[in-house]
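Trainee: I have a model open and do not know how to read it. Could we go through some features one by one?

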Amino acid sequence: MDSILPLPAQAVKPGTSTGQQFWHTSDKTIDSYSPVDGKLMARVYTSTRADYDRVIETARQAFEQWRLVPAPRRGEIVRQMGEQFRLYKTDLGKLVSYEMGKSLQEGLGEVQEIIDICDFAVGLSRQLYGLTMHSERPAHRMYEQWHPLGVVGIISAFNFPVAVWSWNAMIALVCGDVCVWKPSEKTPLTALACQQIIGDVLRNNDVPEGVSCLVTGGRDTGEWLTRDPRVALVSATGSTRMGRAVGATVAERMGRCLLELGGNNAIIVSQHADLNVAIPAIVFGAVGTAGQRCTTTRRLIVHETVYEDVKARLAKAYGQLRIGNPLEETNHVGPLIDKGAVEGYLAAVEAVQQAGGRFVVEPGVLEGEAYTSGCYVRPCIAEAQNNWAIVQHETFAPILYLMKYQTIDEAIALQNGVPQGLSSSIFTLNLREAEQFLSAAGSDCGIANVNIGTSGAEIGGAFGGEKETGGGRESGSDAWKAYMRRQTNTINYGTTLPLAQGIKFDI
Ligand code: UN1
């Protein structure tokens, strides 16, 4: 790992953007262990409250200047960041894979998402459009503008340790905001690497110190951000439990919140499906990132006439999965993030058994020389009922629940019959049922696909979901509007003062 780890196995420091001011007054560290081999990768200093306050103050001052930089110029700086990520794609992809445990291909894919969102943001920097309206009053003009919002707090999760930051940060930066990132305490090194990668660009362009900042720590650090009235928008990715707390705290101070929380994503496999397309999509959706994507396929709702066939094909495909070191390209499935996640997996397996579930592909924790970190588990499949508590709950592990349906109405009801609403898909070649699935009476999720799986969304669309998924939208489409404030402007260029609504007021 030498080439990707110039960071020594000693404490490295969080701080503000250019890398010239790394403040840390704490001697407390987060120890980052790789789930791949259980080795200590580095110790990262955590931010104290005093460090945090200095970061926010610097960010606030940077905002005063950054908001005045023309948006296309901000876009040019983001373009250069995208170039840097192109240069470091392999190194950063490997680091993501080693620190988080996802396969190298997925680590590289994650860095590609950063590059893609940079490109998207560059174009967007010339398209932060407002509408013009026709005033009801003569000699009046109405239009709206989108102005920068302020400090954006980004709380990210371990499973996409760098891409989700970039969806927020790159859009926020072209919108004229400044960013304070609190990465997951499980993956602090990849965050430090990103700050280093963009540091040169910020320095070369004389960008004010504080435009992109990093604070490290656990739950307390996240709470500082959510409670802080200096933070205009908190964008948080993580569990529903975390999101509920963040949402309530930010709402209390009338701040803005963008939540991207848990999913409980289902694929419907109709009797009209092309199974040659469906099976690989299901397997990638269920076992990719070892079941630790918020878009992971957790439930499979299969028409009764193809149920046995689908079950047999899946069992065969799972039998071919290679589990092991994710940096070895021949392996499909890496480890879970830590031993706590393995316990969560085992608890879910037990709950399935207690509810009466039958495993079609058996679960288990892998042991032996290749699995010394203790974090490698077998992706498994269980026949289950949608209303079981364990099926209603998101377990961040590769467990796929299999269930049967008879009518398309029933399948859609099952798909929607969970508290979460992130991603969904149907495999069918039947136009009527595909359109029903996409209609107002179809899937209730933020993402609904036909003949592709639930995960692996492209950055060009708005990403997020409904119900307990939190309602936020990040990344493409017009998600940028969440990072700006809208101002409606009416200008009177006439010589009289007509009032709206025809009101007469003569003095
Ligand atoms: C997440 O798991 O938080 O759609 C994000 C996908 C990825 C992003 C997942 N592009 O699976």
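Mentor: We will take domains, cores, a helix, an annotated site and a few single residues in turn. Keep in mind that this is a predicted model.

Trainee: Which domains does the assignment give for this chain?

Mentor: The assignment gives domain 1, made of 12-261 + 470-488, and domain 2, made of 265-450. The centres of domain 1 and domain 2, taken over C-alpha atoms, are 31 Å apart.

Trainee: How many residues of each domain are in contact with the other?

Mentor: In general, the size of an interface is often given as the accessible area lost when the parts come together. Here we have a count of residues instead: 16 from domain 1 are in contact with 20 from domain 2. On the domain 1 side, helix 3 (89-100) and helix 4 (104-124) are the elements that give two or more residues. Helix 3 has the largest share of that side, with four residues.

Trainee: How many residues are in the largest nonpolar core, and which have the most contacts inside it?

Mentor: This core has 137 residues, and A121, I171, C179, V180, L300 and Y483 have the most contacts inside it. Helix 5 (residues 163-174) gives the largest share, 10 residues. Domain 1 and domain 2 each supply at least three residues to this core. Another core, of six residues, lies apart from it, and L422, I447, A457 and F463 are among its members.

Trainee: Which residues is I171 in contact with, leaving aside its neighbours within four places in sequence?

Mentor: They are A121, L124, A479, W480 and Y483. Two of these, A121 and Y483, are also on the list of residues with the most contacts inside the core.

Trainee: Now a helix. What span should helix 6 have, and how far apart are its end C-alpha atoms?

Mentor: Count 1.5 Å a residue: the 17 residues of helix 6 (residues 188-204) should span 24 Å. The end C-alpha atoms of helix 6 are 25 Å apart, which agrees with that expectation.

Trainee: Where is the kink in helix 6 centred?

Mentor: The kink is centred on I198, and the bend is about 30 degrees.

Trainee: Which residues of helix 6 are buried?

Mentor: An α-helix has 3.6 residues a turn, so residues three or four places apart point the same way. In helix 6 the buried residues are P188, L189, T190, A191, L192, A193, C194, Q195, I198, V201 and L202. After the helix comes D206, which has a positive phi, near 50 degrees.

Trainee: Which other residues have a positive phi although they are not glycines?

Mentor: A139 is one, with a phi of about 55 degrees. It sits in the loop between strand 4 (132-133) and strand 5 (140-148). S477 is another, with a phi of about 50 degrees. The loop that holds S477 runs between strand 21 (474-475) and strand 22 (484-492).

Trainee: Why does A139 count as exposed, and why does S477 count as partly exposed?

Mentor: The idea is to count C-beta neighbours inside 10 Å, where 12 or fewer means exposed and 20 or more means buried. A139 has 12 such neighbours, so it counts as exposed. S477 has 14, so it counts as partly exposed.

Trainee: Where does UniProt place the "active site" feature?

Mentor: The UniProt record, an unreviewed entry, places it at E260. E260 is in strand 10 (residues 256-260).

Trainee: Is E260 buried or exposed?

Mentor: E260 is buried, because 30 other C-beta atoms lie within 10 Å. Leaving aside neighbours within four places in sequence, E260 is in contact with T237, G464, G470, G472 and E474.

Trainee: What about distance along the chain and distance in space?

Mentor: Look up both values for a pair. S32, in strand 2 (residues 29-33), and V246 are 214 residues apart along the chain, with 25 Å between their C-alpha atoms. A312, in helix 10 (residues 307-319), and T495 are 183 residues apart along the chain, and their C-alpha atoms are separated by 80 Å. E83 and Y98 are 15 residues apart in sequence and 23 Å apart, C-alpha to C-alpha.

Technical notes:
Residues are numbered from 1 along each chain as its sequence is written. This is a predicted model: local features need pLDDT of at least 70, side-chain atom pairs count only at pLDDT 80 or more; totals for chains, interfaces and linings use all residues. The expected span of a helix is 1.5 Å times one less than its number of residues. The bend at a residue is the angle between axes fitted to the seven residues ending there and the seven starting there. A nonpolar core is a set of buried Ala, Val, Leu, Ile, Met, Phe, Trp, Tyr and Cys residues joined through C-beta atoms within 7 Å. Domain bounds come from an automatic or database domain assignment. Two residues are in contact if their C-beta atoms, placed from the backbone, lie within 7 Å. UniProt positions are given in the numbering used here, feature names are shortened, and annotations may be inferred rather than shown by experiment.
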